[in-house]
Amino acid sequence: MKNPFLKFDILDQLSDQVSYRVIPEGMHYWWVETNEYTAAITLCGGQLVWFEHKNHKAPAIFLSDKSHLNDKKSLRGGTPICWPWFNKHPSRDDVPNHGLVRSIHWQLLSHQCDNGVVELTLSPVIDQAYKNYVPEGVTVTQTLTFSDSVEIELVSENKSKQNFEFSAALHTYFNVGDIRETEVRGLAQSQYIALKNDWQPEDTPKVYKFREETDRIHLDKPELVRIYSPVQNYELYQSGHNSVVVWNPWQALAQNTPGLEGDCWQEMLCIEPGAIKPTLVLKPNQSHALVQKIVVSN
Ligand SMILES: O=P(O)(O)OC[C@H]1O[C@@H](O)[C@H](O)[C@@H](O)[C@@H]1O
C-alpha cells in the first residue's frame with residue numbers, strides 16, 4: 001500500500017492538528033495529526049481513508065493503490081458509509097449499492113482539539129439525489145474522535161413528521177497484510193446468512209480464518225470483535241448495530257471489482273457493524289447512533 005498523502009497543498013490550516021488539503025491527483029481531504037496518529041478524511045464520501053500510528057510499520061486502514069484519488073467517486077478502501085440502505089436498494093435497481101452518501105461530498109460542521117483529543121463532525125451536502133430518497137428533516141452526521149484510537153459515530157436523526165425506515169453500516173476496510181494469515185475472534189457465537197447459502201442461517205466457524213470468498217451477515221451484535229493479522233491487531237468496539245458483515249471477495253470476484261484487481265484483495269478485510277437485519281424505523285424526533293471504535297496494537 002502506497003502513501004498517497006506525501007505530496008500535498010494546504011488549503012486551510014484550521015488548527016494545529018487539523019488542515020484541509022489537496023493532493024496533485026485532485027482529492028481534497030481533512031488531515032488530522034495527533035500525538036500518536038495521522039489520519040485523512042475525504043471530501044467525497046466523508047471517509048476515513050488513512051489512519052496510521054506514527055510508530056507502526058503500516059497504516060491500519062486499507063486504501064487500494066488502484067483507487068481514483070479525486071473527488072468524483074467513492075474510494076476502494078477506507079470507511080465507506082452505507083446509508084440509508086445497505087447493499088441493494090430494497091425496491092429499486094437503478095440506484096447505487098450501499099446508499100447515497102458514500103459518493104457525495106461532505107462538509108465539516110465543527111472541529112475541536114482538547115487535551116490531545118481531536119474531534120471532527122461532518123455531514124453530507126444535501127443535493128437533489130439526497131432529496132429524492134430522504135424525507136426533508138431526516139439527517140445523518142458523522143463524528144470522528146481521534147485519541148489513542150479512532151471512534152466513528154454515525155447519527156441518523158428524524159425531525160420529519162413521518163416514520164423513516166433505513167439501514168446503515170460502517171463498511172471499514174482493515175489493512176491485514178495477508179488475508180490467509182488473518183483470524184477474526186468475537187463472532188463464534190453467532191449465526192450468519194449469505195447469498196451463497198440461499199440466505200439460510202449457518203453456524204459460524206469456531207476458528208474464523210479465510211480460505212475463500214467470504215460475504216456474510218452475522219446476525220448478532222457483539223460489543224467487541226478482534227482481528228489478528230500479520231500487520232497488526234485490531235480491537236473493534238461497536239454499538240447501535242444488530243448485524244456484523246464480514247467481507248473479502250477473494251481472487252476471482254476481486255478481478256471484477258473496480259479498485260481490487262490484481263493482488264491487493266489479499267491485504268484487506270472488511271468488518272462492518274450495521275443496522276441491517278432487521279432494518280430500523282425512526283419515529284419523528286427519534287435518533288440512532290451506530291459506532292465503531294478502532295484500537296490498533298502492534
Ligand atoms: O462493490 P461495493 O458496492 O463497494 O460492495 C462491496 C461489498 O460490500 C459488502 O459490504 C457486501 O457484503 C458485499 O456483498 C459487496 O460486494
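**A sheet, two pockets and an annotated pair**

Trainee: Happy to be looking at this predicted model with you. In what order do the nine strands of the open sheet run?

Mentor: Glad to have you here! The pairing in this sheet is antiparallel. Reading across, the nine strands come in the order β7-β8-β9-β10-β22-β19-β18-β13-β16.

Trainee: Which are the edge strands?

Mentor: Look for strands that pair on one side only. Two fit that description, one spanning 106-114 and the other 208-209. The edge strands are therefore, given that pairing means at least two bridges, β7 and β16.

Trainee: Let's go inside the sheet. Which residue in β22 stands opposite E235?

Mentor: Strand β19 covers residues 233-239, and strand β22 covers residues 287-297. These two pair in the antiparallel sense over seven bridges. Opposite E235, in β22, stands V295.

Trainee: Now I227, please. Is I227 buried or exposed?

Mentor: I227 belongs to strand β18, residues 224-228. A residue is called buried when its relative accessible area is under 20%. Because I227 has 0% relative accessibility, I227 counts as buried.

Trainee: What separates the C-alpha atoms of I227 and V184?

Mentor: Along the chain, I227 and V184 are 43 residues apart. Setting aside neighbours within four places in sequence, I227 has contacts that include F174, V176, L236, L269 and I271. As for I227 and V184, their C-alpha atoms are separated by 4.6 Å.

Trainee: On to the pockets. What is the volume of the largest pocket, and which residues are closest to its centre?

Mentor: The space in the largest pocket is about 1,200 Å³. Its lining has 39 residues, and β11, β17, β20 and β21 each give two or more residues to that lining. Closest to the centre are F86, N87, K88, N97 and H98.

Trainee: How many nonpolar, polar and charged residues are in the lining of the largest pocket?

Mentor: The lining can be sorted by residue class. The polar class and the charged class have 11 residues each. The nonpolar residues number 17.

Trainee: And the second largest pocket: which residues lie nearest its centre?

Mentor: The second largest pocket has a volume of about 340 Å³. Its 17 lining residues divide into five nonpolar, seven polar and five charged. Nearest its centre lie K73, S74, L75, R76 and P258.

Trainee: Which residues does UniProt list for "active site", and what is the largest C-alpha distance?

Mentor: The unreviewed UniProt entry lists H171 and E272 under "active site". They are spread over 102 residues of sequence but cluster in space, with a largest C-alpha distance of 4.7 Å. The lining of the largest pocket includes both H171 and E272.

Trainee: Where is H171 found, and what is its relative accessible area?

Mentor: H171 sits in the loop between β11 and β12. Beyond its neighbours within four places in sequence, H171 is in contact with residues including C82, H98, W247, C270 and E272. H171 is buried because its relative accessible area is 4%.

Trainee: What about E272: buried or exposed?

Mentor: E272 is found in strand β21. Not counting residues up to four places away in sequence, E272 touches F86, L170, H171, T172, S243, V244, V245 and W247. Since its relative accessibility is 1%, E272 counts as buried.

Conventions: Residues are numbered from 1 along each chain as its sequence is written. This is a predicted model: local features need pLDDT of at least 70, side-chain atom pairs count only at pLDDT 80 or more; totals for chains, interfaces and linings use all residues. Side-chain values use heavy atoms; hydrogens and water are left out. Helices (H or I, at least four residues) and strands (E, at least two) are DSSP runs, numbered from the N terminus. Buried means under 20% relative accessible area, exposed over 50%, partly exposed in between (1.4 Å probe, protein chains only). Contact means heavy atoms within 4.5 Å. On a 1 Å grid over the protein atoms alone, a cavity is a set of points where a 1.4 Å probe fits but cannot get out, and a pocket is an open set with protein on both sides within 12 Å along at least five of seven lines; lining residues have an atom within 4 Å of a point. Grid points are joined across faces, edges and corners, and a volume is the space filled by probe spheres set on the points. Ala, Val, Leu, Ile, Met, Phe, Trp, Tyr, Cys and Pro count as nonpolar, Asp, Glu, Lys and Arg as charged, and the others, Gly among them, as polar. UniProt positions are given in the numbering used here, feature names are shortened, and annotations may be inferred rather than shown by experiment.
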